[in-house]
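I opened this notebook to record what I looked up in the structure. The entries follow in the order in which I made them.

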Amino acid sequence: MTGSVTSRARILRTLSCLAAGLLTLAAGRPSAARAGTPDPAMVRVPAGAYQPFFKGKNGSAPIPVKSFLLDRAPVTRAEFAAFVAREPRWRRSRIKELFAEGGYLADWHGDQAPAAPAAQPVTNVSWFAAKAYCECEGKRLPSQSEWEWAAEADPAQRSPIRLAETDRAQPARGTSPTLRFAMGRGRVPGLDFGEVWEWTSDFNQLMVANPSPGDSNNSLFCGDGFRANDARDYAGFLRFSFRSSLKANYTLKNLGFRCAKDLAEDVQ
């Protein structure tokens with residue numbers, strides 16, 4: 001009986017995601033799930049070798065990264081609103097605490113996204129919700145190595161070290177300065193970084209695998225310079241220590257996401 005219920009649930013989810021693809025096509029946006037069809041909302045990131053911020057137990061060996069596709073920008077409020085409209089279980093009024101804490105979509109009006117600005121990155125979303133969105137688009141969350149490789153500033157840039165900084169523009173009266181997580185221009189033209197931090201698929205495996213057996217992870221929050229491959233990259237340290245403090249149901253106002261996808265030639 002349980003197997004039958006599970007099978008029906010899987011079938012319903014598949015039909016729901018197929019319907020989501022049809023709705024996307026009807027809206028004039030090519031479906032990312034169609035193999036071989038270029039998605040103008042995505043950029044091809046070339047293969048390479050990512051140098052992690054922290055040295056692992058085997059030293060500072062680079063991590064190979066295959067070429068892949070990555071959304072040009074984080075998922076917006078409007079895009080996520082369309083997702084929850086067709087996937088009711090991810091609405092604010094229906095989300096289970098297991099999958100998102102109380103701050104889920106805290107800046108929304110009930111189940112409705114704010115009228116403006118709809119093009120802003122959606123935040124206050126959990127890892128579970130971000131993963132579900134990407135899967136329904138025929139995509140996935142990027143790994144931390146993929147994300148860092150794509151967001152890494154070109155070494156040829158004058159200032160490849162990225163720092164978190166406050167917008168220099170004078171904020172409107174009664175508002176606070178906007179904190180932008182500046183990341184340089186990124187390795188690949190066409191990718192937009194800097195508005196929010198973003199979920200990765202393996203955020204919770206970051207620090208578990210890196211330290212040597214028996215080592216404590218606590219020092220990673222205390223300027224653990226001797227493990228850093230580049231102790232000057234304070235922005236990198238902030239991102240890594242921030243990720244290691246997260247749980248999958250956390251929802252934060254400065255945390256959004258974007259989706260990735262394997263290239264067709266890499267799919268067997």
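I began with Leu 69 and found that Lys 261 in β9 stands opposite Leu 69. I note that the model is a predicted one. Leu 69 led me to strand β4, residues 68-71, which is joined to β9 by three bridges. The two strands run antiparallel.

I then looked up the whole sheet. It is open and has three strands, in the order β1-β4-β9, with antiparallel pairing. I recorded β1 (42-45) and β9 (260-262) as the edges; each has a single partner strand, so one side of each has no neighbour in the sheet. On average, neighbouring strands here are turned by 30 degrees against each other, direction ignored.

Next I turned to the loop between β8 (255-256) and β9, where I located Arg 258. Is Arg 258 buried or exposed? I entered Arg 258 as buried, because its relative accessible area is 0% and the limit for buried is under 20%. I also looked up what surrounds its side chain. A polar atom of the Arg 258 side chain lies 2.9 Å from the backbone oxygen of Asp 71. For the backbone oxygen of Asp 192, the distance to a polar atom of that side chain is 2.6 Å.

My last entry concerns two helices. The axes of α2 (residues 77-86) and α3 (residues 127-136) come within 11 Å and cross at roughly 80 degrees. I therefore recorded α2 and α3 as roughly perpendicular to each other. Glu 79, Phe 80 and Phe 83 of α2 make the contact with Ala 129, Ala 132, Tyr 133 and Cys 136 of α3. I classed the residues of this contact as six nonpolar, no polar and one charged.

Conventions. Residues are numbered from 1 along each chain as its sequence is written. This is a predicted model: local features need pLDDT of at least 70, side-chain atom pairs count only at pLDDT 80 or more; totals for chains, interfaces and linings use all residues. Side-chain values use heavy atoms; hydrogens and water are left out. Two strands pair if DSSP finds at least two bridges between them. Helices (H or I, at least four residues) and strands (E, at least two) are DSSP runs, numbered from the N terminus. Axes are lines fitted to C-alpha atoms, for helices over the stretch in contact, and angles run from 0 to 180 degrees between N-to-C directions. Angles under 35 degrees count as roughly parallel, over 145 as roughly antiparallel, 65 to 115 as roughly perpendicular and the rest as oblique. Contact means heavy atoms within 4.5 Å. Ala, Val, Leu, Ile, Met, Phe, Trp, Tyr, Cys and Pro count as nonpolar, Asp, Glu, Lys and Arg as charged, and the others, Gly among them, as polar. Buried means under 20% relative accessible area, exposed over 50%, partly exposed in between (1.4 Å probe, protein chains only). A polar contact is a pair of N or O atoms within 3.5 Å; within protein, one must be able to donate a hydrogen and the other to accept it, and residues adjacent in sequence count only if both atoms are side-chain atoms.
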